[in-house]
Protein chains: 2
Amino acid sequence: MARLPGYLRALTALASDGTLSVSSEELASAAGVSSAMLRKDLSHLGSYGVRGVGYDVDRLASEIAAALGLTQDWPVAIVGMGNLGRALAAYRGFAERGFRVIALLDRDERVVGEVIAGTRVRSTADLPDLVERDGLAIGVIATPPEGAQEACDTLVDAGVRSVLNFAPVVLTVPDEVVVRTVDLSTELQILAFHGQRLAVAEAVAP
Amino acid sequence: MARLPGYLRALTALASDGTLSVSSEELASAAGVSSAMLRKDLSHLGSYGVRGVGYDVDRLASEIAAALGLTQDWPVAIVGMGNLGRALAAYRGFAERGFRVIALLDRDERVVGEVIAGTRVRSTADLPDLVERDGLAIGVIATPPEGAQEACDTLVDAGVRSVLNFAPVVLTVPDEVVVRTVDLSTELQILAFHGQRLAVAEAVAP
DNA sequence: GTCACTTTGTGCCTGTCTTCACAAAGTCGT
DNA sequence: ACGACTTTGTGAAGACAGGCACAAAGTGAC
């Protein structure tokens, strides 16, 4: 379920505040959902709550982490060392939450060998090796739109079956591969849409 | 509708290929949706298709752009000049799609004045001015999680009503303000979840 | 002018996701 | 040990999005 990471985040925050137990109501509001939804989601994981009391923060956090598969670590490779790729390579947010960036890759031999954020850029030809030897499981595509499908194919051929795509294109992949696309321009366009609706509403009833 | 930006992207690609007319089937597959859904979505905008022929690419692109409010420009400010903020400041993707980054802001006076990607960092205290004088409408939050709510409040108080949030927190805002949150770790956790499901499925039926 | 063909727009149905509301279950004070 | 209170877990109802399938509408050939 796509909301579990949100719950885990809220639980981690509570745990670091020293809270031991939390009700569905409190946790739901911290995660920005309704309490009924939270309870239903959690009930799918099993019954980890105690009626009349609530949920044990640490216990629930472990259960969710286990459900998400966060007990093992998931090596990540970033493909495409343009602007966005370099930014992602320098971003510490991945490591902070347990995702180890084990390789920076680029197709262009002129970029290969360059050192970015302390890591030497390698060739995309090394991908099969990374999957085989280092257990690489997640690929991040930060190439320009033109190169995204090719980068994706290379990842998939090497055995990667989870892809996080930042390029503004629709990627075609086999059924067993999961792609999640994050497109910053799309997000801004949706915000522009709301901005315009607001402006129109204001013009009608100022 | 959240799919309009995807349609617009596909149409722009078609237009640059010189295509003049497109059927719902073709456009749907380019945008990665079903043709029935595409037609239903477009029918909400009005009847811009011709039965037996399809849609005029340029015409439809203009209509969608107008619906999204992309006929005017939407000035953007980025708040928080940490790792992620600097990366976003250097990212050209915004400008390429018509969103002008007019200001880089930080709360910390030691960062103010620094020049990043050719722009001088200003203080968040300048926000009311930016809204008033430059028509700032969209704020991007790239602060650490602890500072995100404060940054958001500052934006809202200054009159910004569309916020793109990269911090992994749930922001509380008045009803008229729209927040879209993009959390890279959440995306990776969802991928980890799928990765684990795949591994489990394989263990059961190898 | 008519007919065969293509493709849109849309009413209906189906499955999923959300919310409501309450019974079951456990705690704490006396 | 009992009873009042709190909070979970869940069945049933409701809302909503997506897909199917077909009638309406337009094109182009003859």
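This tour moves through a predicted model, taking the two DNA strands in turn and then a pair of cysteines.

Begin by selecting DNA strand C together with the protein around it: 22 residues surround this strand, and the closest are Arg51(A), Ser24(B), Arg39(B), Gly52(B) and Tyr55(B). If you colour the strand by atom role, sugar and phosphate account for 66% of those of its atoms that come within 4 Å of the protein.

Next, pick out individual contacts on strand C, starting with the backbone of the DNA. The side chain of Ser34(A) places an N or O atom 3.1 Å from a phosphate oxygen of DNA strand C, while Gly49(B) has a polar backbone atom 3.3 Å from a phosphate oxygen of that strand. Then select Arg51(A), where a polar side-chain atom lies 2.7 Å from a base nitrogen of DNA strand C. Switching to a cartoon view, the elements that give two or more residues to the surface near this strand are α3 (35-45) of chain A and, from chain B, α3 (35-45), β2 (49-50) and β3 (54-56). Coloured by residue class, the surface near DNA strand C shows 7 nonpolar, 8 polar and 7 charged residues.

Now move the selection to DNA strand D, which is surrounded by 23 residues, the closest being Ser24(A), Arg39(A), Tyr55(A), Lys40(B) and Arg51(B). Among the atoms of strand D that lie within 4 Å of the protein, 63% belong to sugar or phosphate, and the rest belong to bases.

For the contacts of strand D, select Tyr55(A), which has a polar side-chain atom 2.6 Å from a phosphate oxygen of DNA strand D, and then Gly49(A), whose polar backbone atom is 3.2 Å from a phosphate oxygen of that strand. On the base side, Arg51(B) brings a polar side-chain atom to 2.7 Å from a base nitrogen of DNA strand D. The elements that give two or more residues to the surface near strand D are α3, β2 (49-50) and β3 (54-56) of chain A, together with α3 of chain B; of these, α3(B) gives the most, with 4 residues. By class, the surface near DNA strand D divides into 8 nonpolar, 8 polar and 7 charged residues.

Finally, leave the DNA and select Cys152 in each protein chain. Cys152(A) counts as buried because its relative accessibility is 0%, and Cys152(B), also with a relative accessible area of 0%, is buried as well. As for sulfur bridges, a search of the whole structure finds 0 disulfides over all chains.

How values were computed:
Residues numbered from 1 in each chain as written. Chains lettered and ligands numbered in written order. Predicted model: local features only at pLDDT ≥ 70, side-chain atom pairs only at ≥ 80, totals over all residues. Heavy atoms only, no water. Near = heavy atom within 4 Å. Polar contact = N/O pair within 3.5 Å; in protein donor to acceptor, adjacent residues only side chain to side chain. Nonpolar A, V, L, I, M, F, W, Y, C, P; charged D, E, K, R; others polar. Disulfide = S-S within 2.5 Å. Buried < 20%, exposed > 50% of the residue type's maximum accessible area, 1.4 Å probe, protein only.
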